[in-house]
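Hi everyone, thanks for coming. I'd like to walk you through a structure that's probably new to most of you, so have a look at the screen.

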Amino acid sequence: MSVEKEIRLRLEAAFAPERLEIENESHRHAGHGGDDGSGESHFRVLIRAPVFQAMGRVERHRAVQKALGDLNQRIHALALD
């Protein structure tokens with residue numbers, strides 16, 4: 001399963017988001033530090049879910065990182081909005 005699909009499945013299961021956009025930006029970082037050659041190392045995620053309304057920015061980021069669990073080890077960069 002692709003990293004992008006796994007990100008989607010985990011975030012949907014954890015947060016039931018109203019909006020979820022995942023952009024694979026790995027091609028923009030080819031040859032840079034953290035590029036492992038897989039084409040699945042850098043992602044940008046826009047997520048909107050009611051559960052986030054009561055959380056601060058850092059708490060939201062921690063919740064997303066927790067939901068991704070061991071997948072974080074396969075991702076070099078994750079930009080969250």
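Here's something to start with: are Phe15 and Phe52 buried or exposed? Keep that in mind while I go over the basics. One caution up front: this is a predicted model.

Okay, the overall layout. The chain has 2 helices and 3 strands, and if you read along the sequence, they come in the pattern α-β-β-α-β. There are 81 residues in the chain, and 31% of them are buried. Now take the contacts with a separation of 6 or more: 61% of those are between residues 24 or more positions apart. As for the outside, the accessible surface is about 5100 Å², and carbon and sulfur atoms hold 47% of that.

Back to my question. Phe15 is buried, and Phe52 is buried too. These two also turn up when you look for aromatic pairs, where the count is 1. Phe15 and Phe52 make a tilted pair, with 4.8 Å from centre to centre and 40° between the planes. The pair ties together distant parts of the chain: Phe15 sits in helix 1, residues 3-15, while Phe52 is in the loop between strand 2 and helix 2, and that puts them 37 residues apart.

Phe52 has another role in my story, as one of the residues that line the largest pocket. That pocket holds about 210 Å³ of space. So who else is there? The lining also includes Ile47, Arg48 and Ala49, then Arg57, Arg60, His61 and Val64, and also Leu80 and Asp81. Strand 2, residues 42-48, and helix 2, residues 57-68, each give at least two residues to the lining. Helix 2 has the largest share, with 4 residues. By class, we're looking at 5 nonpolar, 2 polar and 4 charged residues around that pocket.

One last stop, and that's Glu25. You'll find Glu25 in the loop between strand 1, residues 19-24, and strand 2. Is Glu25 buried or exposed, and why? Glu25 counts as buried because its relative accessibility is 7%, and the cut-off for buried is under 20%. What does Glu25 touch, once we leave out residues up to four places away in sequence? The answer is His42, Phe43 and Arg44.

That's my tour. If you want one thing to take home, take the tilted pair of Phe15 and Phe52, with both of those residues buried. Happy to go back to any part of it.

Methods: Residues numbered from 1 in each chain as written. Predicted model: local features only at pLDDT ≥ 70, side-chain atom pairs only at ≥ 80, totals over all residues. Heavy atoms only, no water. Buried < 20%, exposed > 50% of the residue type's maximum accessible area, 1.4 Å probe, protein only. Contact = heavy atoms within 4.5 Å. Areas by Shrake-Rupley, 256 points an atom, 1.4 Å probe, with all protein chains shown as cover. 1 Å grid on protein atoms, 1.4 Å probe; cavity = no way out; pocket = protein on both sides within 12 Å on 5 of 7 lines; lining within 4 Å. Points joined across faces, edges and corners; volume = space filled by probe spheres on them. Nonpolar A, V, L, I, M, F, W, Y, C, P; charged D, E, K, R; others polar. Phe/Tyr/Trp six-rings, centres within 6.5 Å; stacked < 30°, edge-to-face > 60°.
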